[in-house]
Amino acid sequence: MTTTVLGRELKALPETERAKVIGAALREMSPDNLKAIERELRRLAHPEVPEAVWVGFEEAEDGNSVEIKDEHFARPPR
């Protein structure tokens, strides 16, 4: 079955049945894939937010941050 056929059949289902199919598919996904989908949905829900902002949020969520100290402002890196 192609994605085109699958998409067409999914759209043809009543909403409650569609929700069951999508829910079952989501339960089968890995945590990393679920995180990627959630992040993409955030972008789609808020297209006005620049990509750089999303990257910053996601780096913070993943624990990739840099501590900024007062001395960094006295002598900024080059």
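## Close-up views of the salt bridges and overall form

**View 1. R39 forms a salt bridge with E61, the closest N and O atoms lying 3.1 Å apart.** R39 belongs to helix α3 (residues 31-45) and E61 to helix α4, so this pair ties together parts that are 22 residues apart in sequence. A salt bridge here means a side-chain nitrogen of Lys or Arg within 4 Å of a carboxyl oxygen of Asp or Glu. Helices are DSSP runs of H or I with at least four residues, strands are runs of E with at least two, and numbering starts from the N terminus. The model is predicted: local features need pLDDT of at least 70, side-chain atom pairs count only at pLDDT 80 or more, and totals for chains, interfaces and linings use all residues. Residues are numbered from 1 along each chain as its sequence is written, and side-chain values use heavy atoms, with hydrogens and water left out. R39 counts as buried, at 12% relative accessibility. E61 counts as partly exposed, at 44% relative accessibility. The classes are buried (under 20% relative accessible area), exposed (over 50%) and partly exposed (in between), with a 1.4 Å probe and protein chains only.

**View 2. E58 and R43 join their side chains in a salt bridge of 2.6 Å, N to O.** E58 sits in helix α4 and R43 in helix α3, so the pair ties together parts that are 15 residues apart in sequence. Are the two partners buried or exposed? Both E58 and R43 are buried. E58 has 10% relative accessibility. R43 has 17% relative accessibility.

**View 3. The surroundings of E58 include three arginines of the chain: R39, R42 and R43.** These are the residues that E58 touches when those up to four places away in sequence are not counted. Contact means heavy atoms within 4.5 Å. E58 is part of helix α4, which spans residues 51-61.

**View 4. R43, placed in helix α3, is shown with its contacts.** Which residues does R43 contact, leaving aside its neighbours within four places in sequence? They are E51, W54, V55 and E58. One of them, E58, is also the salt-bridge partner of R43.

**View 5. A network of salt bridges links nine named side chains: K35, E38, R39, R42, R43, E51, E58, E61 and D62.** Side chains of opposite charge can pair when their charged atoms come close. The network takes in R39 and E61 from View 1, and E58 and R43 from View 2. How many salt bridges does the structure hold? The count is nine.

**View 6. K20 and E17 form a salt bridge, with 3.5 Å between the closest N and O atoms.** Both residues lie in helix α2 (residues 15-27). They are three residues apart, about one turn of the helix. K20 counts as exposed, at 54% relative accessibility. E17 counts as partly exposed, at 34% relative accessibility.

**View 7. Two residue pairs give distances across the model, one of them K20 and A74.** The C-alpha atoms of K20 and A74 are 57 Å apart in space, and the residues are 54 apart in sequence. E9 and H46 are 37 residues apart in sequence, and 28 Å apart in space from C-alpha to C-alpha. E9 lies in helix α1 (residues 3-12). At 43% relative accessibility, E9 counts as partly exposed.

**View 8. The whole protein has five helices and zero strands.** From the N terminus, the order of elements is α-α-α-α-α. The C-alpha atoms fill a box of roughly 60 × 25 × 25 Å along the principal axes. The radius of gyration is 20 Å, whereas a compact globule of 78 residues would have one near 12 Å. This radius is taken over C-alpha atoms, and the globule rule is 2.2 Å times the number of residues to the power 0.38. Buried residues make up 8% of the 78 residues.

**View 9. The accessible surface of the protein comes to about 7000 Å².** Carbon and sulfur atoms account for 60% of this surface. Areas come from the Shrake-Rupley method with a 1.4 Å probe; for residues, only the protein chains shown count as cover. The protein has 12 positive and 16 negative side chains. The centres of the two sets lie 2 Å apart. Lys and Arg count as positive and Asp and Glu as negative, while His and the chain ends are not counted. Each charge is placed at NZ of Lys, CZ of Arg, CG of Asp or CD of Glu.
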